[in-house]
Amino acid sequence: MIDHTGDLGMEVPGDSREKVLARAAEALFDLLAERDRIQETETRTVRAEGEDAADLLVNFLRECLYLFSGKGFLVRSASVRPLEGMSVEAELRGEPFDPGRHRIRAEIKAVTWHRASLERVARGPGGDRWEGRVIFDV
């Protein structure tokens, strides 16, 4: 969690860009709702593009947030296909929001570009380390 006045931010590590994007989608829905109560009964496909890696992360998370705010769909798990350039396609598994079973933790209004990043932070013989960072307007 990143402390930021009036907003909510997160940093997400992973061993690839794809892993960071998948974990970022899961973390978004962890902030929105109690993810352990979400069942994987349906799958949605999300696609996004960006001018650069940070733009790709922001646009991808915007598409994920729209699944909830526009379609009423909650995500429990995500998998991202290998990236080609600055395009991403992900399968998000979850179920429609049910106010009788799902408790909303936070209202996230938007994904912002403020301090957004998606970058390789280390290379090593055991593999690379990537990190994504994003701030949400709550």
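Begin by selecting Arg47, Arg81, Glu89 and Glu91, which are linked in a network of salt bridges. The model on the screen is a predicted one, and a search of the whole structure finds 12 salt bridges in it. As background for these stops, side chains of opposite charge can pair when their charged atoms come close.

Next, select glutamate 34 and arginine 103, whose side chains meet in a salt bridge with an N to O distance of 3.0 Å. This pair links distant parts of the chain, since glutamate 34 sits in the loop between α1 and β3 while arginine 103 sits in the loop between β5 and β6, the two being 69 residues apart. If you colour by accessibility, glutamate 34 counts as buried at 18% relative accessibility, whereas arginine 103 is partly exposed, with a relative accessible area of 46%.

Move on to glutamate 95 and arginine 101, where the side chains again form a salt bridge, here at 2.4 Å from N to O. Glutamate 95 is buried, its relative accessible area being 6%, and its partner arginine 101 counts as partly exposed at 30% relative accessibility.

Now select arginine 120 together with aspartate 128, a salt bridge in which the closest N and O atoms are 3.1 Å apart. Arginine 120 is partly exposed, with a relative accessible area of 33%, and aspartate 128 also counts as partly exposed, at 28% relative accessibility.

Leave the charged pairs and turn to the nonpolar interior. In soluble globular proteins, nonpolar side chains tend to be buried together. The largest nonpolar core of this model has 43 residues, and those with the most contacts inside it, which make a convenient selection, are Leu21, Leu28, Phe60, Leu61, Leu92 and Phe136. To see where the core draws its residues from, show the elements that give two or more residues to it: the helices α1 (17–32) and α2 (53–69), and the strands β2 (7–14), β3 (42–49), β4 (73–80), β5 (87–96), β6 (110–122) and β7 (129–137). Which element contributes the largest share of this core? The answer is α2, from which 11 residues come.

For the last stop, centre the view on leucine 61, one of the residues with the most contacts inside the core. Setting aside its neighbours within four places in sequence, leucine 61 is in contact with Met10, Ala24, Ala25, Leu28, Val111, Val134 and Phe136. Of these partners, Leu28 and Phe136 also belong to the group with the most contacts inside the core, and displaying them beside leucine 61 brings both lists into a single view.

Technical notes:
Residues numbered from 1 in each chain as written. Predicted model: local features only at pLDDT ≥ 70, side-chain atom pairs only at ≥ 80, totals over all residues. Heavy atoms only, no water. Core = buried A, V, L, I, M, F, W, Y, C linked by side-chain atoms within 4.5 Å. Buried < 20%, exposed > 50% of the residue type's maximum accessible area, 1.4 Å probe, protein only. Helix = DSSP H or I, 4+ residues; strand = E, 2+ residues; numbered from the N terminus. Contact = heavy atoms within 4.5 Å. Salt bridge = Lys/Arg side-chain N within 4 Å of Asp/Glu carboxyl O.
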